[in-house]
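The following report concerns helix packing and a few individual residues in one protein chain. Please have the sequence and the coordinates open while reading.

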Amino acid sequence: MRVIFAAGGTAGHINPALAIADKIKQVFPETEVLFVGTPKGMESRLVTKAGYEFRGVEMAGFQRGLTPVNALRNVKAAYCYLVSAKLAVRKIIKEFKPDLAVGTGGYVTATVLSQAASMGVKTVTHESNSYPGMATKMLSEKADKVLLAAEDAKKYLKRTDRCIVTGNPLRTNIPIEEKAAARKRLGLPEGFTVLSFGGSLGANKITESVAELIAWEQKTGGINHIHSYGTRNRDIFLEALKSSGVREDKERLILKEYIDNMYTCMCAADLIISRAGAMTVTELTEIGRPSILVPFPKAAENHQYYNALTLVNENAAILIEDKDLTKARLVDEVSRLYSDRARLEVMEENAKKMRRSNAADKILSEIIDLVGEDKFTS
């Protein structure tokens with residue numbers, strides 16, 4: 001069995017592809033896997049680090065804003081899609097001879113799966129967000145199977161007869177701990193615990209608002225807070241703490257540039273404040289934690305807003321748009337939840353009900369159904 005994967009652009013596209021590849025190799029170790037992506041993209045580093053063969057092809061995505069610069073970029077993207085990348089991808093497919101092509105979003109997926117389908121290769125595309133990207137919308141009428149992270153995604157596709165809701169696959173099972181055990185591991189005392197982060201680079205508005213929130217928590221007393229301020233926001237965050245009158249508290253505060261034990265921190269938390277990327281939302285439901293979500297406003301097609309909305313509609317999260325986030329608003333939302341533990345417990349239970357722990361198994365099952373198990377075992 002030979003499987004070609006198309007993934008690129010962001011970790012939200014690449015990690016699901018790696019998770020699917022890992023599951024296939026775990027169950028059928030003789031399977032040959034090849035990843036295709038852009039040579040300078042994040043995928044080149046992440047895929048080779050994971051131990052998979054990688055082939056780079058120059059590709060470009062279409063820009064949505066109508067500016068002279070974007071117009072030139074779109075000419076280049078059209079040329080790549082219709083000519084250069086098309087020819088390069090077809091050459092790779094002819095040489096590798098895949099039995100299956102799997103894509104997980106982005107223009108890399110659109111290019112590779114379109115060519116694979118036209119050459120008679122079975123195709124599967126996976127959408128990790130609640131609002132499908134351009135690639136998924138296009139491939140929903142071409143791919144043999146369209147796998148979705150959330151039921152909500154169907155609402156935005158013209159053709160849904162090939163859609164199956166599987167959830168988002170994770171590369172490793174999340175080690176779920178009881179809150180008390182996770183807090184002990186982190187060296188935190190018992191008490192209401194908040195975790196906040198804005199991604200690896202941080203998020204200025206979240207960081208500044210969290211500083212005011214920590215000040216409120218210290219006045220209230222007995223509250224733990226874990227915060228990642230990101231690689232670019234250290235000075236901004238420290239200044240915000242100073243302006244808010246936050247005092248040093250090594251017992252109840254964990255303030256870091258980057259959290260390298262995120263799952264432990266998530267397990268320790270009663271409430272999580274974050275952006276609404278696809279994998280973050282998946283982790284929130286996997287661990288089962290209520291959240292306040294502030295979608296990244298510049299995400300493609302505002303997909304983080306729709307990711308957050310999926311949880312809000314199940315009463316598992318509160319959504320604050322980035323433009324509406326203020327220090328006072330964040331403190332008000334957290335203080336209400338802190339005072340209404342019954343509501344917080346309901347949100348937690350609702351998050352747990354959304355859990356799809358066996359997404360990778362479901363995806364493999366759908367792949368086997370498409371190509372036949374004999375392809376893997378022969």
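The text below takes up two helix pairs and then four lysine and glutamate residues.

The model is predicted, with local features requiring pLDDT of at least 70 and side-chain atom pairs counted only at pLDDT 80 or more, while totals for chains, interfaces and linings use all residues. Residues are numbered from 1 along each chain as its sequence is written, and side-chain values use heavy atoms, with hydrogens and water left out.

**Helix pairs**

Two packed helices are described by the angle between their axes and the distance between the axes. Helices are DSSP runs of H or I with at least four residues, strands are runs of E with at least two, and both are numbered from the N terminus. Axes are lines fitted to C-alpha atoms, for helices over the stretch in contact, and angles run from 0 to 180 degrees between N-to-C directions.

Helix α1 (residues 11–27) has 17 residues, and the distance from its first C-alpha to its last is 24 Å, close to the 24 Å expected at 1.5 Å a residue, where the expected span is 1.5 Å times one less than the number of residues. Among the residues of α1 that are buried (under 20% relative accessible area, with a 1.4 Å probe and protein chains only) are H13, I14, L18 and K23.

The axes of α1 and helix α2 (residues 42–49) come within 10 Å of each other and cross at roughly 25 degrees. The two helices are therefore roughly parallel, a term that covers angles under 35 degrees, just as 65 to 115 degrees counts as roughly perpendicular, over 145 as roughly antiparallel and the rest as oblique. On the α1 side the contact (heavy atoms within 4.5 Å) is made by A11, I14, N15 and L18, and on the α2 side by M42, E43, L46 and V47. These contact residues comprise six nonpolar, one polar and one charged, where Ala, Val, Leu, Ile, Met, Phe, Trp, Tyr, Cys and Pro count as nonpolar, Asp, Glu, Lys and Arg as charged, and the others, Gly among them, as polar.

For helix α12 (residues 327–339) and helix α13 (residues 341–353), the axes come within 5 Å and cross at roughly 95 degrees, which makes α12 roughly perpendicular to α13. Here L337, Y338 and S339 of α12 meet R341, R343, L344 and M347 of α13, and by class this contact has four nonpolar, one polar and two charged residues.

**Individual residues**

The table lists relative accessibility, where over 50% is exposed and values between that and the buried limit of 20% are partly exposed.

| Residue | Relative accessibility | Class |
|---|---|---|
| K352 | 30% | partly exposed |
| K97 | 58% | exposed |
| E301 | 24% | partly exposed |
| K154 | 26% | partly exposed |

K352 lies in α13 and, not counting residues up to four places away in sequence, touches T285, I287 and G288. Its C-alpha atom is separated by 31 Å from that of M42, 310 residues apart along the chain.

K154 sits in the loop between β6 (145–148) and β7 (163–165), and with neighbours within four places in sequence left aside, K154 contacts L148, T160, C163 and V165. The C-alpha atoms of K154 and P132, 22 residues apart along the chain, are separated by 8.4 Å.

Positive phi values occur in K97, near 55 degrees, and in E301, about 55 degrees, and neither residue is a glycine. K97 belongs to the loop between α3 (68–96) and β4 (100–103), whereas E301 belongs to the loop between β12 (291–293) and α11 (303–312).
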